[in-house]
Amino acid sequence: MPSSFQSLPVVDITGLYSPVLAERAVVAQYMGAAARDAGFFYIVGHPISRETRQRLLAATIKFFSRTLEQKMPFYIGNSVNHSGYVPPGEEVFYGQKPDRKEAFDIPLDIPASDPEVMAGTTPMLGPVNWPDDAEFRQAVSCYYADVAALARKLFSGFALALDMPEDWFEAHLKRPASQLRLIHYPFQPDAPADEPGIGSHTDYECFTILLPTAPGLEVMNGDGQWIDAPPIEDAFDINIGDMLETWTNGEFAATSHRVRKVKEERYSFPYFASCDYHTVVGPLPQFVTPERPARYPTLVAGDHLLAQTAQTFSYLKKRIAEGSFKLPEKTLGLSSFGQEARNRVA
């Protein structure tokens, strides 16, 4: 479980791109130590260019500068695969106030004519509800491709860190249900002090690659204290999500985090690295012992993502209430992972 850390470790992942296995394994050891100790760490030495990141930011700023009326035609509630614009107040986490932010959600862009999309068997996959801006689409797509490639490299590092074959995750990464979010936190000095930018939560997928532009992120340590996680130039934040906590039977911990009331305008770009929609995720045998029995139920990765999303977004809650949408079987409640969940059990 996460320790009483007071700051987050920094891991240089340059060695993950080495042709020498021993050099990749050294980086993996540092990744594993950070995942076990905090579940949250920075990475440097990645290959995503500053130009790609700046282009993403510029396109995002331009889109969010539109009026609400100009953004709402791309409202996420009009999509069939959870894609599009998320207005302020749309999301509410477990027992908390509505978030004071807006966002744009981008899944893996798959044509509507795809057989799985047409059959409705992968509800979080499908065509992106792109706005009417060619530069926005190009800039976001370019960044999505680069960060998805980085995610695959990190998956290989986590596999080595867990003493598993380096390519173990590859079988589950054919068409992952990974989402990129473009998030805008406006500076609102008159907002109540206890009104969050985004409420406390864990991430539902395997891990997250986060690019922030300003302070505001806080991470809960093993003592239940909120620790500041300010941006580091040219670094990404990495945090463990629910699926890796489940697969490792808690050896890697999903860490609760939040964004406090922001002191300046802030943009944030989390890429939620997931596995394929129908991947069955449960504690792997090597992490289950008589002293450490299986602590987690077996889940379907995409169903868990869909169920957690449906309990957070207002448009999906409305569909549930109307009876037009039904939660997947074995749905867990919100905040079923992370330190807050463990503290409730304790």
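**Exercise 1. Which strands does helix α5 lie across, and at about what angle does α5 run to β7?**

Let's work through this predicted model together.

- Step 1: Find helix α5, residues 134-161.
- Step 2: List the strands that α5 lies across: β2, β4 (102-106), β5 (179-185), β7, β10 and β12 (266-273).
- Step 3: Compare directions; α5 runs at about 135° to β7.

**Exercise 2. Trace the sheet from edge to edge, then place helix α1.**

- Step 1: Write down the strand order, β1-β2-β10-β7-β12-β5-β4-β3, which makes an open sheet of 8 strands with mixed pairing.
- Step 2: Mark the edges. β1 (10-12) and β3 (84-86) each pair on one side only.
- Step 3: Add the twist, which averages 25° from one strand to the next.
- Step 4: Place α1 (residues 21-37), which packs on the sheet and touches β1, β2 (40-44) and β10. The direction of α1 makes about 160° with that of β1.
- Step 5: Look at one pair in detail. β7 and β10 (residues 236-240) are antiparallel, joined over 4 bridges, and Phe207 stands opposite Ile240 in β10.

**Exercise 3. Describe the largest pocket and its lining.**

- Step 1: Take the volume, about 290 Å³.
- Step 2: Count the lining, 14 residues; nearest the centre of the pocket lie Arg53, Leu211, Pro212, Thr213 and Asp234.
- Step 3: Assign elements. α2 (50-64) and β7 (207-212) are the ones giving two or more residues, and α2 gives the most, with 4.
- Step 4: Sort the lining by character: 7 residues are nonpolar, 2 polar and 5 charged.

Definitions and conventions
Residues numbered from 1 in each chain as written. Predicted model: local features only at pLDDT ≥ 70, side-chain atom pairs only at ≥ 80, totals over all residues. Heavy atoms only, no water. 1 Å grid on protein atoms, 1.4 Å probe; cavity = no way out; pocket = protein on both sides within 12 Å on 5 of 7 lines; lining within 4 Å. Points joined across faces, edges and corners; volume = space filled by probe spheres on them. Nonpolar A, V, L, I, M, F, W, Y, C, P; charged D, E, K, R; others polar. Pairing = 2+ DSSP bridges. Axes fitted to C-alpha atoms, helices over the stretch in contact; angles between N-to-C directions. Contact = heavy atoms within 4.5 Å.
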